[in-house]
Structures are given as structure tokens and as C-alpha cells.
Amino acid sequence: MIPAIVLVVVVAAILVAGARKPALWRLAWRQASGRPSQALVLVGGLMVGSAALTASLVAVDSAQRLATRIELLRWGTTDVTVTSERPFPIDLADVVSADPEVRQNTESVVPQLQLGASLADISTQRTESVGTVIGYDAAHDAPLGDFTLIDGTRAGDVGPNDILMNERAATRLGAHAGDTVAIVVGATGESQSLTVRGVARMRGKAAWGFESVGFVRLALAQKLAKAPDAVNLLRVIAPKHPERAVATLNDAMAKSGLPLRAVDAKRQGLASARAQTKFLRYALIAISTFILLAAIALIVNLVVMLAEERARQLGMLRALGMRRSSLVVIGAMEGAVYSVTAGAAGAGAGLAIGALLARFLQNSFQRFFLPGGRPLPFLFRPSLHAALAGFTVGTLVALFAIALAWRRAGRLNVTAAIRGLAGAFPRRRPRPGLTTFARTIAVMAALGALVVPEPAVKEAAGVIALAVVMSMLKNRWSMRVRVSALSLGIVAWALAAAGNADIADPRSFMQFFVTLNVVEVFAFSVLVAANLGSLERGAALLGKRSAAARQTLRPVLAYLARRPLRTGLTVGIFGLVLSLVTAAATVLATDQPRYEDDASGYQIVATTIGSQQADLTASPDVEAVRMVRFRLYRGGVSLPGVRAAQISMMVYEATPAITSLPLAGRDPKIGSDREAWKRVLDGTRAVGSLVTAGQPLRFETSGTRVVNAGFLRAGRLLYGTIVGPDQFSAIPGEVGTTYLVRARAGASAALVARSLEKTWFADGLDASTTRALVDQGAEDLRAFFAIVQFMAHMALAIGIISLGIIALRAAFERRRMLGTLRALGYRRRTVLIALMIESMVVTTAGAVVGAGGGLLLNRFFFKGGFHGVDMGLLGGTLLLTYVAVLLVSAGPAIRAAHMSPADAIRTVD
């Protein structure tokens, strides 16, 4: 709302200025519309930032809508739940339903019996070792509605020897109607063979927990659980006032004397879905920030070039009596035309790009939450709010960047501008009193900000303090030495801050990460721009040995060195883009398949539920087996800012057998994997996939609280939370065993896994190769990072557009110089090579600043386990960058090389 108001005020002020001084408006409009191709390129460059922001907001809105839809599918008509570790009498459902206050605030109370069990399809010989069996009574269950089968029919009841599978279970087992499925209940070891009645779609009561579920008659489930006339789950329908239903249910159950609590499950689930999209929101906005900052650098670069090109025209206007402030007003009016047009075009393009990002997200959500289920309908809806936000912010950023860059025109030296001499825009001479005052304020602000706990503010404060210190050394050190020292100091400050980073909050984490990258990239860019003169002198020495090097390299480096602002901004644009790509490549490298290392040499992971353990060493193809006990926990969990009323997860008991598994994303406070595992074994930490390192996780049912030390590099091997023996004993749930198997040399892991499944089929053993599990984890991560790669390529477009414009303008403004060189004997090929080398020099500097600086920063920032780099992503991006730069630079270079020397020399600006 505030940015929109600011935009309206600013545009209104510009319109008022134009109405009061129509001559200025005519000049601005003539400049904006006089060169349509230039205006089109400018608008194209400016709109990318607005498009990226709009697309991010649209994608996040769609993701939140999708997460909400999934939660609604999961809970169906259920609003409130009552769960228990131990079964309780089914009569309790009738007792609480009869309570007048409960009856007033609820529509129905449905009892069910939920059991952890293995499911095995005898026809396909496939197993789901950790599945769920739910016993229900059709009469009680009627308020929840019928099951919708995949053939379009409905089912309300099953036969006494039938089982109804949901889509996820049927996909895992390859089951179809008529197949025979054997179930083994983990808590009791009881088993039963049943006929598949049909396959139910993943929605409503069939989507319970998004697990592999088989539905049987309540009497059969009670028999298998050895709990006659008992249930352990009440599903309550209370759509109008769920909070009142929870209160009245708890009062009614308190009278029964049973330790049961009702939970507002659906509302908590919806709140959890919204909270879980926060990280996605912050991540996409952070990426958009990179793109927006690159766009700002592009804007400033373009305006500086335009001002230099129009220096003679601006000098004539000043000589005719125009004020300095009027030049800035002309620039602001011209900028308003560009920025408003670009903002509107960017918002429109952002809606289309947002639809594509939403599709990526939906595929990722579908893969994670509803594997095997029917694809959800595409939930993208264009958001007017997101489009307005993208238009407003994009337009404001472009307008203010243009206005600030045009302030440089106010320092125009009229004589130098009219005569076409260098120095038409001299640096401002600081006023001693004002400088002292500004330094004092800056120092006070920096010192004050250093005590602020926000890491991004601390980083900015350190940069201000360093800049003030360097400004005080003006009369002692040269400009180049001061700027170089300032740049290196800022880089050192950023690396130190990254090394001490310990941020759990996603919003602060993203802000800090963006700040560090921006600070480091532009510090390195300034360092490069300040020392191009040294490279020029090096080229001069090289030119003494090679005439070709003298003719091509030195003019290029001389031109770049004498325009440090333009060069530094271009390097910064590429640096920002490639630092973003490097961050993505660093994270992706974590899940790059390292099959032997990630699984510590184990080739197979086998799982079975129940207390009975299988002797897998009896197989002649098995060399070694390590066993890890787990519990199938069902209940509520609390994370930072998120509370889930009903979740199913594996909780593993840490043993020395698994301490060789490597970790990723380790807590920075823990120095090594060995130390992390030691803390897990002694019960002070945990290893899990549900929360980030350093964050706590609380199991509501038992009250157990654990703090995550990191997560497995191959998280799919033991997907859940690994805790110490004491915490494992306190957390409730059916017990099972996971086996880490090392096959004998020469044996096929896939064939051994299949053989183990067949041998231990009756016990519901499910075996997978570690290679398949590692690949699955990598694919899950890449499904999300497809969005990051797409937006990184959007940002790359800014850098390529920037370099293309600079190549075009550089060839245009140097046409007289190039004509002179051609008249002195330079060949067309030499001019062409020199201009192409110029583009390659700037691109290479940006690659070194972005990729090299990004790797250095990430090494400090992700010291807790992220390592290496995905060279496929980074190398592919660099290759694409160089190819694109060659293509966009070739046209202006060829055109400049083929200019007639006589025509170029006679050119009048």
C-alpha cells in the first residue's frame, strides 16, 4: 500500500512539473521517443526486475493456495481429532456425542482404529513395509462420506475379508481390484490375507495422512490389534465452531477419566500449510532481489551512458540558461516514461512467468505429497495484488534509480561538454563542513547499528564504518589504494560475518544471505574497476613483445580503465547473477549422487515393522548387515512457527552402526560429523529431515524436545528423525527395524534387494537399493531448484542485455576513434577482435567476481556441511553466458569494423 502511495505521489509531482514547464516535458518526450530502438532496449532491460518480482509473488500465492488445497483434501470433512497411543473403548464416541454441549457444537463423532502395518500384494510380490490399516464401521463412518474409486464408482463398506486401498498404497504395491494382499500388524504381529475391494482416490478420508492406507472392517482391525470393542481415533465434524467443539469435547472426555485431548486438527493443518510456504516466499523474494539489484545496476549504467552521449546537447542547454535542476527534471520525466512502461510490461510478463513457476511448484508438491495420486487441477489464478505490487515496486525502483543517476548531469562542466572534452561530468567537490557532519552521522549510525541484533543491519553498518575510515585517509593514500583497501576490507567483513552466521529464522536468513552476496559482489566489482589501470600497464609490457597484443588488448583495457563506473556496474551485474547461480549450485552439490560415500558403502536399505527381526545374513549374497530400530510416530509436532496436529514420521534410534553416515547442513556450532553423532548418541542433539540445523522439534504426544544437529546427506536412507536411546524410549509408536545391507562383491544390489523381499515376504519386508534412494532425494531437490535455475536465467538476461547495450553504445561513441585507427592502418579484423575481446574481458571479470567470490563466500556461509559445487549447473550457465555475450556483441562489433574510415572521422556528435 505504501509503495503505491509513494508511486502516485512521485508520478503526480512529475506530471505537475511537466504542466508547469511544458518545454522540459517536450525535451524529455523527444529524447524518449526519438530513438524507438533505444527506448525498446531500455524498457526491455527495466521490465525484467518487475517481471521477476511479480512472478515470485504469483508463484508463492499459487503455492499457498495449493498447500491449502492439499490440506483440505487430506482432512476432508474432519475438523477435530482425538488420538491416543493406546486404544480406548468405542463407547466413548457415543458418550461424548450424547453430551448436550458437544451435540450443539459438532455434527458427528466418528470412531476408527488406526494401526501401523505392512502391506504385501501376493500377486505382484511387492511390499509396503510401513503402511497403515484403518478399521472403520460403515454405520458410524457415514458422515465422512463414501470412498470415490478410481473407476468413478463409490463405496461405503467392505466385506469381512476385503480391503480397500488408497491410490498411494495401490501404486506402491502395483495392486488392482481382485488382488490378494497380506497385512501384518506391527504392534501385535497378527496377520491376515484379504482381497482388494477397489482403489480409492486420494481425497477425503482415503487421503488420511497422505500415507499408504488400507481400509478394513472395524471388527477385523480390532481382532488384529487384540483390542475388542476399542478404537484409538475419533474424527469429529464441526465446521462452524471447531474451537468450541474442542473445548466441549475436552470437558466431556475429562468426565470419563481418560487422558485424551481433542485437537483443532484441520485449522492447525491449514495454518501449518501457510507457515510452510514462508520459506518458499522468502527464497523467491530473495532471488527476485538479486534480479532487481542487477536491474538497478543496468539502469544506472544506461543512464550514465546516455548522459555522456548527450553531454554536448546538455551543455548547450546550460549555456542557453537552463538550470542544473532542470536537467535532472528532464531526466526524471524521461525516466518516468521508461519506468512506467517497463513496470506495466513487466507486471504483465510476470503473470505469465508466474504461471510457469506455479506449474513447477505444483509438480514438486504433487511429487512429494501425493505420489501415486491423481494429478490435482492446475490451481494458478492471476493475482491482481501480485501484479500491482510488481508494477509498483518495479516502477519505483527504476524511477528512483534513473533520477539518482541523472543527478550526475547537474555537475555538468559546460565548456568541456560543448567542446566534447573529457571531464564533462567532474566529481563533486565535497564541502568541508558538510563532509565532517556526514562522517559524524555515518559513524554514529554505524556504531548504533552494530549493536542491533539483525545480521543484515550489522553487515551494512560495518560497510559504512569502513567507508568512513577510508574517507579519512584521503590525504594520505591515493584514490586507487583507498578504494582497493576499502573493497578488500568489505570482503573480509562479509566473510567474517558469514563465518559467524547462526540464523534459524528463514526471513532473517534470506535477508542476511542476500546482503552478504550483494556486498561482496560489488566490493569485488569496485576492486576490479579500480585496478584496470594496472592491467592496462601490464598489457603495455606485453605489447613490447607482441604487436598483435598491443593492437588489440591495450586499447580495450585503456577504454575500460577510463570508465570505471561503467565497467564496475557491468561487472557487478554479471557478478550478482553468477553469485545466485553459484549459491544454487552449492546447495545442489549436497545431493549430487555419491552413492558409496553417502551410504557409507551400504547398497541396500530394508525395512519391516514389528518387533520380530529378520536374519538377513542368511542370504549368501549378503556380506554385512547393520540394524536400526525405529518407531512409527503418529501425533502432533511443533516446529518454530509451525504446529501440526497429526503427522506420521519415522523416529530412529541412534546407534554406533549409523554414525559413519555423512551429514549435510550441519549446525555451524558443531565442528564435525563425528562430534554431531556423538551429541546424538548422548541425547543432546538429533539428526532429522523435518527442520533445519539448530532448530528444535517437539513431539507433542510425549513432550520430547530435540534440537537438530543437521540432516543426512542422503536423507532418503533414513527419512525422519534420528534421536538418542533415551528420547527413543520416550517417544510412542509401533516399533520396526531398518536394515543397512552390504552386498557381497560382484552381486547386483537390485537383484539382492528383490531376493530379500521374496525371502522375507511373509514378514512384510521392503527393500530398496541405496542408489535408488539417493537418486530419489536428488530428484526431489532438483524439482524445486528448477525454479531457481529458471529465475537465474532470467537474471542472466539482464547481464546479457546490459553487455549488448554497452557494446552497441561503445561502438557508437567510439566511431571517430575507430575511424582514425582504421585510417592509420588497423584492419577490420583487428577492430572486430578488439571489440569482442572487450566484451569477453568484462564477462570474465563478472564470472570471476560472481562465481569465484560466490564459492568463497559459500565456503564460509555453508561451513556446516554444504560443500562442492554442481559443475553441470555452474558450467552450463557460464557456457550459456559466453555464447550469448558473443552473439549480442558480434553485431555491434561487425558493424563498427565495417565502418568507412572517412565517414567515421567526419562524424559529428
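Arg-244 comes out as partly exposed in this predicted model, with a relative accessibility of 45%. Arg-244 sits in helix H9, which covers residues 242-256. In sequence, Arg-244 is 140 residues away from Gln-104, yet their C-alpha atoms are 9.6 Å apart in space. A second pair of this kind involves Ala-778, a residue of helix H26 (residues 770-813). Here the partner is Gly-715, 63 residues off along the chain and 9.5 Å away, C-alpha to C-alpha. Ala-778 is a buried position, its relative accessible area being 7%.

These pairs can be set against the protein as a whole. The fold holds 30 helices and 21 strands, and of its 909 residues 54% are buried. Looking at contacts with a separation of 6 or more, 81% of them are between residues 24 or more positions apart.

Next come the helices, starting with H10 and H13. Two packed helices are described by the angle between their axes and the distance between the axes. For H10 (residues 265-309) and H13 (residues 384-406), that angle is about 35° and the axes run 9 Å apart. The crossing has a right-handed sense. On the H10 side, the contact draws on Leu-292, Ile-296, Ile-299, Val-300, Val-303 and Ala-307. H13 answers with Val-393, Val-397, Ala-398, Ala-401, Ile-402, Ala-405 and Trp-406. Sorted by class, the contact between H10 and H13 comes to 13 nonpolar residues, with no polar and no charged ones. As for the spacing of such positions, an α-helix has 3.6 residues a turn, so residues three or four places apart point the same way.

Helix H11, made up of residues 311-319, has its own set of buried positions: Ala-311, Leu-314, Gly-315, Leu-317 and Arg-318. Viewed down the axis of H11, these buried residues fall within an arc of 160°, so they line one face of the helix. Just past the end of H11 comes Gly-321, whose phi is positive at about 110°.

Positive phi values also turn up away from glycine. Most residues other than glycine have a negative phi, and most peptide bonds are trans. Gln-125 is not a glycine, but its phi is positive, at about 60°. The residue belongs to the loop that joins strand E2 (108-121) to strand E3 (126-136), and with a relative accessible area of 26% Gln-125 is partly exposed. Lys-226 is another non-glycine residue with a positive phi, in this case near 55°. Its loop runs between helix H8 (218-225) and strand E10 (230-237). At a relative accessible area of 55%, Lys-226 is exposed.

That leaves the charged side chains. Searching the whole structure turns up 16 salt bridges. One of them pairs Arg-267 with Asp-264, and the closest N and O atoms of the two are 2.6 Å apart. The partners differ in their surroundings: Arg-267 is partly exposed at 45% relative accessible area, whereas Asp-264 is buried at 8%. In another salt bridge, Arg-698 meets Glu-700 with a closest N to O distance of 3.6 Å. Here Arg-698 is partly exposed, at 35% relative accessibility, and Glu-700 is partly exposed too, at 26%.

The salt bridge between Arg-634 and Glu-734 has an N to O distance of 3.5 Å. This pair ties together distant parts of the chain, the two residues being 100 positions apart. Arg-634 is in strand E13 (residues 622-639), while Glu-734 is in strand E20 (residues 734-743). Both of these charged residues are buried, which means that each has under 20% relative accessible area. Finally, salt bridges also join up into a network, one that links Glu-128, Arg-172 and Asp-766.

Note on methods: Residues numbered from 1 in each chain as written. Predicted model: local features only at pLDDT ≥ 70, side-chain atom pairs only at ≥ 80, totals over all residues. Heavy atoms only, no water. Axes fitted to C-alpha atoms, helices over the stretch in contact; angles between N-to-C directions. Helix = DSSP H or I, 4+ residues; strand = E, 2+ residues; numbered from the N terminus. Left-handed = near helix turned anticlockwise from the far one by under 90°. Contact = heavy atoms within 4.5 Å. Nonpolar A, V, L, I, M, F, W, Y, C, P; charged D, E, K, R; others polar. Buried < 20%, exposed > 50% of the residue type's maximum accessible area, 1.4 Å probe, protein only. Arc of directions from axis to C-beta. Salt bridge = Lys/Arg side-chain N within 4 Å of Asp/Glu carboxyl O.
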